[in-house]
Amino acid sequence: MKIDRIVQYIENNYEIKVDDYKVVPRLMFRESLRIKSNERQYVVKKYPLATDSACLADMVELYAELERCGVTTNKVLRSEAGAPVFELPDGKYVIFTFVPGVTVNAGMVNELLFQTISEIHGRTKNILWKETNLPDDSTESSFVPSYAWDEIDDLTERVNGSVQLLQKIDQEYDRAFRNREQIIVHGDCTLNNIVVSNGSFYLIDFDNYRLGFPEEDFANLLNSILYSTADSEVKSEAMQSARSYFHGIENSDEFVYKVKLCMQKNASRELYKHKENYRYLRRTPGTVQYLHGLLDIIYRVEESDFIL
């Protein structure tokens, strides 16, 4: 990230005087820049130069639609010339407003959080979208027999020994959601993308939005709770909040079954995303531990009623 070049471009084109900044690491070797100007904060996200401009334009339109339908989240800032995206030699950039608050941890989870996510779904289902341009990987199979991992260690032996279960999850998922109407979902509804301020929760960073099902967002949240802390009491209290909320909605047994199925499906999908680069990622103990945690979730949901 060429910080000086970015700051200069922003000051020349956005009517923003940058007083201070902080580089924030992101996944997949990306970075963001958090800048402060006159007591306001903004987040500058960098995307690879190869990123399809049409995809970025669709993302900008999605944020505008979220604002129109009353979802409080980040907003895209436009330059003085009205452009929402700017390009420099090292990447493409989008500036977002900063949603003030504290990033949620597992100990902050309560029923209001699940209610807030449900209310957001109630708003996003009214957004009309060109389905041909919207990502949709909800029915993509995560595993087939030929997808066994080649690298051999404790993790890959567990994965290769789990292919039959993972195929079973795919089949159950396809049956459960076949012909279901899809809506725009967050796509990465984890604790890291939720902030709380004055007792209210806000879902931020809709960059991974796609067509999907509400149960998938809830499943991502529950998975992130399970692997975010080793404190069993905190996990239990968070799951109790989920249980209390879910059991109060219509057709709760069916909904809970589908949330649990999505927890497994999302965990297997996330696990498989790391297969191609695993020979490099395995050198990072934290990554291997995270992938083991995903497998633990898959088996724990399969074998126990602890989750919900």
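**Notebook: strands, a buried leucine, a helix pair**

I started at T103, which stands opposite V195 in strand 9. Before going on, a note to self: this is a predicted model, where local features need pLDDT of at least 70, side-chain atom pairs count only at pLDDT 80 or more, and totals for chains, interfaces and linings use all residues. Residues are numbered from 1 along each chain as its sequence is written, and side-chain values use heavy atoms, with hydrogens and water left out.

**The sheet 7-9-10**

I looked up how strand 7 and strand 9 (residues 194–197) go together: they pair in the antiparallel sense over two bridges. Strands here are DSSP runs of E, at least two residues, and helices are runs of H or I, at least four, numbered from the N terminus. Pairing takes at least two DSSP bridges between two strands. Three strands make up this open sheet, in the order 7-9-10, with antiparallel pairing. I noted strand 7 (102–103) and strand 10 (200–203) as the edge strands, each pairing on one side only.

**Strand 3 and its partners**

Next I checked strand 3 (residues 40–47): six of its eight residues are buried, so the rest of the structure largely encloses it. Buried means under 20% relative accessible area (1.4 Å probe, protein chains only). Strand 2 (residues 31–37) pairs with strand 3 in the antiparallel sense over six bridges, and R34 has V43 as its bridge partner. The two strands form a hairpin with two residues between them, and N38 in the turn has a positive phi of about 50 degrees. Strand 3 also pairs with strand 6 (residues 91–97), antiparallel over six bridges; there I found Y42 bridged to T97.

**L56**

Is L56 buried or exposed? It is buried, at a relative accessible area of 4%. L56 sits in helix 2 (residues 53–68). Neighbours within four places in sequence aside, L56 is in contact (heavy atoms within 4.5 Å) with Y47, T51, V85 and K92.

**Helix 8 against helix 10**

Last, I pulled up helix 8 (residues 252–273) and helix 10 (residues 285–303), which pack at about 155 degrees with axes 9 Å apart. The axes are lines fitted to C-alpha atoms over the stretch in contact, and angles run from 0 to 180 degrees between N-to-C directions. The two helices are therefore roughly antiparallel, a label for angles over 145 degrees. Helix 8 contributes residues including K260, M263 and L271 to the contact, and helix 10 residues including Y290, L294 and E302.

Note on methods:
Parallel < 35°, antiparallel > 145°, perpendicular 65-115°, else oblique. Buried < 20%, exposed > 50% of the residue type's maximum accessible area, 1.4 Å probe, protein only.
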